[in-house]
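Please find below a short note on the structure, set out as numbered points. It is intended to be read with the sequence and the model in view.

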Amino acid sequence: MVEIDFAGIEAKWQSFWQNEGTFRAHEGTGKPKYYVLTMFPYPSGKGLHVGHPLSYVAADIVARYHRHKGFEVLHPMGFDAFGLPAEQYAIQTGKHPAHTTAENIATYKKQLEILGLSYDWQREVRTCDPAYYRWTQWIFLRLFHAYFDPKTKAARPIAELVAHFDNQGTKGISFAHPFSAESWRGMSPLEKEEMLQHFRLAYLAWSDVNWCEALGTVLANDEVINGLSERGGHPVTKKRMRQWYLRISAYAERLLQGLETIDWPEPLKDMQRNWIGKSVGAELAFPLLGPDGTPTGKSITVFTTRPDTVFGVGFMVVAPESEWVRVCTQPQQAAEIDAYLDYVRSRSERERLSEVKRVTGAFTGSYVHHPFTGQPIPVYTSEYVLGSYGTGAIMGVPGHDARDHAFALKFGLPILRVVQGPADTGLPYEGREGVMVHSQILEGLEVGAAIEKAISEIESKGLGRRRVNYRMRDAGFSRQRYWGEPIPVVFDGERPVALAECELPLELPQVDSFKPTGTGKSPLAHARDWLQAGGGLVRETDTMPGYAGSSWYWLRYMDPSNDQEFASRQKVDYWQQVDLYIGGAEHAVGHLLYARLWQKVLFDMGLVGCDEPFKKMVNQGMIQGASKLVGRVVDQDSKAVTYVSAGLQAQYAITDHVHVDVALVGANDEVDLDAFGKERGDGAQISFALEDGKLLCHTEIEKMSKRWLNVVNPETIVGRYGADTFRMYVMFLGPITDSKPWNTHGIEGVYKFLRKFWNLFYNRQGLFEAAEGPAPQQALKALHTCIQRVGADLAKLSLNTCVSHFMICVNELHSIGSNQREVLEPLVVLLSPFAPHLCEELWESLGHKPSISQVAYPQVDQKYLEEAFVEYPVMINGKLRAKVMLANGIDRDGALALALADEHVKKWVGQGTLKNAIFVPGRIINLVVA
């Protein structure tokens with residue numbers, strides 16, 4: 001088999017593509033457009049491992065396929081370059097994050113380029129580039145200068161709201177602090193701004209935030225896992241701070257409804273639905289009683305999705321962070337409440353929600369009046385009620401809620417079931433089927449009818465109202481770190497003032513230290529000259545979160561060099577939405593929600609023509625690492641260490657298992673003893689328990705990570721097998737949406753396939769020979785079967801099966817001995833999205849001008865797929881008795897004649913009389929014989 005110079009061929013065509021601008025996208029060509037995008041990477045210092053390119057290669061195959069199909073394709077790449085990791089690295093090394101980020105990007109680009117990805121690199125964006133984040137800041141100002149109009153359910157200019165206040169005050173506007181036009185006009189600039197902060201889409205507010213002392217910054221809810229920071233695993237506590245927020249909660253319903261219009265995986269949609277957390281119910285007011293049992297004139301309002309259970313209320317619980325704790329706490333309970341609040345402050349919101357078996361709380365000493373029964377209801381505070389959901393207070397219905405039930409048992413409170421469900425087991429009944437009991441006006445109603453009647457009664461008696469509630473909270477937009485977009489706001493005393501557009505970009509200043517200040521301020525607080533904006537104004541020192549730059553980057557790819565606007569409307573209207581977006585499901589309630597919000601706001605402002613950014617979404621699976629481990633025995637007295645080969649471990653008391661760098665493991669899982677011994681040479685006495693002189697390891701499948709020493713560098717694989725082999729093997733591992741382990745055992749098969757494909761064009765002497773003249777029918781059938789199957793599977797993104805179809809086709813052509821141009825030319829175009837370098841080389845060898853990337857995709861010809869003969873089952877009196885091969889297209893009379901002449905059919909018909917004969921063309925012959 002002729003050897004192929006993969007490295008030379010790949011270098012040649014990568015240089016050609018770059019020099020010729022082969023993959024540049026152009027507007028106004030008259031072609032239909034196709035926009036394919038992968039989530040752009042954060043350029044860490046670790047570079048890519050073989051798992052990262054899965055989505056990149058898949059997207060590239062789709063992009064190349066659509067170019068062959070006549071589309072104008074936009075396939076860009078950039079870098080999500082701001083963020084905490086670069087800043088942490090800067091703190092550790094003293095290097096400026098701008099320098100390390102640029103170095104990391106250079107590494108990433110080198111690794112991406114060797115894979116032959118058809119990016120339009122002229123459209124590259126970097127979120128840390130002032131020319132880019134100028135427009136991130138500009139969009140922030142659009143958010144600051146807008147509010148959500150509940151009537152139009154869209155963003156409107158805040159100036160319209162100011163005009164309404166000037167003329168009518170809050171008349172016609174639902175607002176917790178109503179005022180007249182006269183009052184508004186008499187307010188100071190600071191007072192007016194404090195009112196507007198309740199409406200702006202980007203606003204300041206005091207709240208309890210997720211504070212990470214180790215990282216020196218506030219974290220979003222999706223950046224905290226089990227009370228620890230997602231990055232670094234540091235403790236996270238609650239801290240009251242003034243922060244910037246985006247009013248994403250105003251868009252909750254539109255974000256929900258928009259999910260019905262896009263082609264995304266249902267599990268991902270469900271993650272967003274659950275995060276948004278829509279619930280329909282009622283708000284109900286419970287009048288607060290004073291120490292003497294008389295009404296105070298104040299009421300605690302709860303939101304409940306089960307107003308039918310109102311007669312089962314046994315207590316009320318207010319969130320520890322709620323102002324109601326202070327209002328309700330009686331003097332005799334103050335010490336207990338203070339101690340309890342100190343305890344809750346040490347707990348994260350996630351811990352409070354997840355630890356369902358821990359029941360804690362404290363009695364405030366106050367009671368409320370049950371609005372229907374008139375009974376006094378005790379008021380407690382407990383960590384299982386969150387101030388961020390609903391009204392921050394709940395009515396405890398222990399007969400029908402598990403956490404309320406546990407709370408009632410803990411504190412000896414009454415438990416009453418008011419829904420007659422299954423037999424009373426002593427557990428709460430949480431179902432929505434059953435009949436109401438012990439419920440006065442609701443007695444005997446089914447649950448559904450009882451809910452509606454309860455809401456009707458609540459509204460008619462003026463006790464509350466029907467309400468739709470959402471669990472999703474507004475998105476924190478402040479980070480107390482250096483390496484992020486400066487927020488384009490200055491402060492006139494306490495009043496935030498937006499910068500003018502002509503002042504953008506507001507660039508990051510140089511600072512002497514990247515370390516957190518320890519005061520809750522970002523490192524920008526060190527830049528004293530930069531802080532002073534003139535005229536007594538002081539700059540905001542918080543920077544934007546990591547998701548800011550990624551919340552609109554797909555739009556900038558449409559017009560990346562525009563210095564007059566974030567993207568021209570003409571180009572945005574041409575490219576519209578991203579047709580295919582490939583990325584991880586882990587971004588479902590972070591990046592993907594924020595991206596949808598920013599797109600909807602820009603749509604409301606008339607800046608884009610679609611209110612959903614990504615038409616189709618695919619979540620790629622994870623390529624896992626095959627970790628290699630050996631057993632270790634540690635002598636507790638001498639501290640001597642023995643490493644035990646896999647087959648001998650049952651004979652030893654293994655202390656633990658240690659990971660072996662996969663680079664030190666050869667064939668048959670044999671560890672390089674010398675290299676491993678040097679790596680482990682830490683002063684301890686080391687020995688080995690070997691099998692036939694070998695240290696063998698065992699394999700476990702884990703996440704590919706440097707921590708587990710199982711990282712495989714794609715450059716290593718490309719250097720050995722070539723980029724085209726790597727591309728096809730990554731696809732061949734399995735469906736793109738599945739997680740699968742990486743191993744190099746199967747890559748040899750793909751490597752051999754490409755050489756076998758090459759040898760259809762080159763003889764044993766390495767001479768090119770593509771035969772002229774017509775190809776055999778069998779070869780044409782193999783080709784067109786492959787065209788049909790690959791086309792169908794590409795449409796489904798079943799890329800692994802496409803590779804199988806290519807292998808089958810090439811094997812058939814070799815067995816036939818076919819190398820006619822009539823077959824080879826369509827086949828090389830068909831394969832080119834998967835193995836573009838080899839196909840470019842072969843296309844040129846076939847005498848065609850490069851590049852193959854724009855050549856029309858081959859069309860299937862059905863006539864070559866039709867069989868000359870069809871096998872017909874012959875049923876006689878309902879039983880299969882024979883099978884006959886008949887010419888495709890034979891008529892009824894001819895088919896029956898040949899069937900009756902068959903020796904097996906004759907045997908069963910015998911001397912009988914043919915009563916009926918049914919002939920279904922291409923399917924079956926059915927005979928009835930008496």
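**Notes on the predicted model**

1. Of the 930 residues in the protein chain, 52% are buried. The reader should bear in mind that this is a predicted model.

2. The overall dimensions may be taken next. Along the principal axes, the C-alpha atoms of the protein chain fill a box of roughly 105 × 85 × 80 Å. The secondary structure of this chain consists of 30 helices and 35 strands.

3. Contacts along the sequence also deserve a remark. Among the contacts in the protein chain with a separation of 6 or more, 71% are between residues 24 or more positions apart.

4. How many disulfides does the structure hold? The number is zero. In general terms, a disulfide is a covalent bond between the sulfur atoms of two cysteines.

5. Two cysteines may be considered individually. C212 has a relative accessibility of 0% and therefore counts as buried. C610 has a relative accessibility of 18%, so C610 counts as buried, because the cut-off for that class is under 20%.

6. The next points concern helix packing. Two packed helices are described by the angle between their axes and the distance between the axes. Helix α24 spans residues 747-758 and helix α26 spans residues 799-816. Their axes come within 10 Å and cross at roughly 45°, which means that α24 is oblique to α26. The crossing of these two helices is left-handed.

7. Which residues of α24 and α26 meet? On the α24 side they are G749, V750, F753, K756 and F757. On the α26 side they are F806, M807, V810, N811 and H814. By class, the residues of the contact of α24 with α26 comprise six nonpolar, three polar and one charged.

8. A second helix pair is formed by α5, residues 130-144, and α20, residues 591-604. The axes of α5 and α20 come within 11 Å and cross at roughly 65°. The helix α5 is therefore roughly perpendicular to α20, because the range for that description is 65 to 115 degrees. The crossing of α5 and α20 is left-handed.

9. In this second pair, T136, I139 and L143 of α5 meet W598, V601 and L602 of α20. The contact of α5 with α20 has five nonpolar residues, one polar residue and no charged residues.

Note on methods: Residues are numbered from 1 along each chain as its sequence is written. This is a predicted model: local features need pLDDT of at least 70, side-chain atom pairs count only at pLDDT 80 or more; totals for chains, interfaces and linings use all residues. Side-chain values use heavy atoms; hydrogens and water are left out. A disulfide is a pair of cysteine sulfur atoms within 2.5 Å. Buried means under 20% relative accessible area, exposed over 50%, partly exposed in between (1.4 Å probe, protein chains only). Axes are lines fitted to C-alpha atoms, for helices over the stretch in contact, and angles run from 0 to 180 degrees between N-to-C directions. Helices (H or I, at least four residues) and strands (E, at least two) are DSSP runs, numbered from the N terminus. Angles under 35 degrees count as roughly parallel, over 145 as roughly antiparallel, 65 to 115 as roughly perpendicular and the rest as oblique. A crossing is left-handed if the near helix is turned anticlockwise from the far one by less than a right angle, and right-handed if clockwise. Contact means heavy atoms within 4.5 Å. Ala, Val, Leu, Ile, Met, Phe, Trp, Tyr, Cys and Pro count as nonpolar, Asp, Glu, Lys and Arg as charged, and the others, Gly among them, as polar.
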